[in-house]
Amino acid sequence: MPLEPDAAKLLEAIRTAGSPLALTTPAAARQQYDQARANVASPPPPVGRVRNITIPGPGGAPLALRLYRPDQGDEPLPTLLYFHGGGWVLGNLESHDSVCRALTLRSGFAVLSVDYRLAPEHRFPAAIEDAEAALAWVLAEGRNNGIDPTRLAVGGDSAGGNIAAAFTILDRDSGHPRIGFQLLIYPAVDFGLDTPSQHAFAEGHLLTRANQVWFHEQYLRSEADRADWRVSPLRVPDVAGLPAAFILTAEYDPLRDEAEAYAERLRQAAVPVTLWRVPGQIHGFVAMGRVIAGSATALQRLGDALAASPVAR
């Protein structure tokens, strides 16, 4: 279908202003990204409780977490570990605050947002190491913080979806898997940049090919990392035994085809998967509720997927 009207207006406004995300230095890009997020994100809805938590990080520095609850209680809840998008370079707890709030309200889950280390200061696999540290904290301290460590889901958008997918595979291979569901929102799952959607939407649809090349340059240690399945989860030799998944893609997103190929691999391995391609939408729209009305509908369906997942029962 044609571009959804709100998405089309946003893209036209960017073209008219002539000021797409300027990926010059990480510091400049972060400042611009944070301002853009403040302009497009929905106002944060009130939730039962929000707590900032600091734990020891694997890099020697503290790792910041933010825990959301839909209520004021203390009963251990099923919990979503959430990893924000931003190309492994941008984003933080604030940039996806409204998304996490909406998910906890709709699903009844607690949501633990992880402020993983960013590239290029901390290249691959630092973000995945931080995911492992967050899980270790949940297993050790979760019940004391209103988290049920036996009912865990993992999720994220874009680069965060990449981290979530790779982390889920590592968890399966650990010999004592803890993750029972994965919620992947237009995830980056292959660094090859060579699918029909990558070519069709290389320019003019918010996430450009040049953006992706720049992000990859910041995140990877070398070109050899591109083939590592922890970077490109689509390339993992075996997806059997992974937990059920809900995967959202956007019709006008360069990442669409790789995410849908990952969904098909899961299906072929008898992993329960729901794939929802949102017609007319662009990359990143879920976090743009102030300017794209369809964001609210998407967040409702994502929350419903959590609430209906094996982890919720």
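Q: Why is Gln212 called buried?
A: Gln212 has a relative accessibility of 5%, and a residue counts as buried under 20% relative accessible area, as exposed over 50% and as partly exposed in between, judged with a 1.4 Å probe on the protein chains only; Gln212 therefore counts as buried. This is a predicted model, in which local features need pLDDT of at least 70 and side-chain atom pairs count only at pLDDT 80 or more, while totals for chains, interfaces and linings use all residues. Residues are numbered from 1 along each chain as its sequence is written, and side-chain values use heavy atoms, with hydrogens and water left out.

Q: What makes the pair Gln212 and Gln198 a polar contact?
A: The two side chains come to 3.0 Å, and a polar contact is a pair of N or O atoms within 3.5 Å, of which, within protein, one must be able to donate a hydrogen and the other to accept it, residues adjacent in sequence counting only if both atoms are side-chain atoms. Gln212 itself lies in helix H7, residues 209-219, where helices (H or I, at least four residues) and strands (E, at least two) are DSSP runs numbered from the N terminus. Beyond four places in sequence, Gln212 is in contact (heavy atoms within 4.5 Å) with Leu193, Gln198, Leu207, Pro254 and Leu255.

Q: How do you know whether Ile282 is buried or exposed?
A: The relative accessible area of Ile282 is 0%, so Ile282 is buried. Ile282 is found in strand E8, residues 273-282, and its contacts, leaving aside neighbours within four places in sequence, include Leu3, Ala7, His205, Leu206, Tyr252 and Ile292.

Q: What makes Leu206 and Ala270 worth naming for their phi values?
A: Leu206 has phi near 80°, a positive value in a residue other than glycine, and Ala270 likewise has a positive phi, near 65°, without being glycine. Leu206 is in the loop between helix H6 (196-200) and H7, whereas Ala270 lies in the loop between helix H8 (256-268) and E8. Leu206 has 31% relative accessibility and so counts as partly exposed, while Ala270, at 68%, therefore counts as exposed.

Q: Why is H3 described as enclosed or open with respect to the rest of the structure?
A: Nine of the eleven residues of H3 are buried, so this helix is largely enclosed by the rest of the structure. Among the buried residues are Asp97, Val99, Arg101, Leu103 and Ser107, and the buried residues pack against strands E1 (49-56), E2 (62-69), E3 (77-83) and E4 (110-115) and against helix H9 (294-307). Just after H3, Gly108 takes a positive phi of about 80°.

Q: What makes a group of residues the largest nonpolar core, and which residues have the most contacts inside it?
A: A nonpolar core is a set of buried Ala, Val, Leu, Ile, Met, Phe, Trp, Tyr and Cys residues joined through side-chain atoms within 4.5 Å; the largest one has 64 residues, and those with the most contacts inside it are Leu65, Leu81, Phe83, Tyr219, Ile247, Tyr262 and Leu266. Helix H4 (residues 126-141) gives the largest share of this core, eight residues. Apart from it lies another core of 39 residues, including Leu11, Phe246, Leu248 and Ile292.

Q: Which residues are joined to Pro120 and Pro125 by cis peptide bonds?
A: Ala119 is joined to Pro120 by a cis bond with omega of about 5°, and the bond from Phe124 to Pro125 is cis with omega near 5°. Pro120 is found in the loop between E4 and H4, and Pro125 lies in the loop between E4 and H4 as well.
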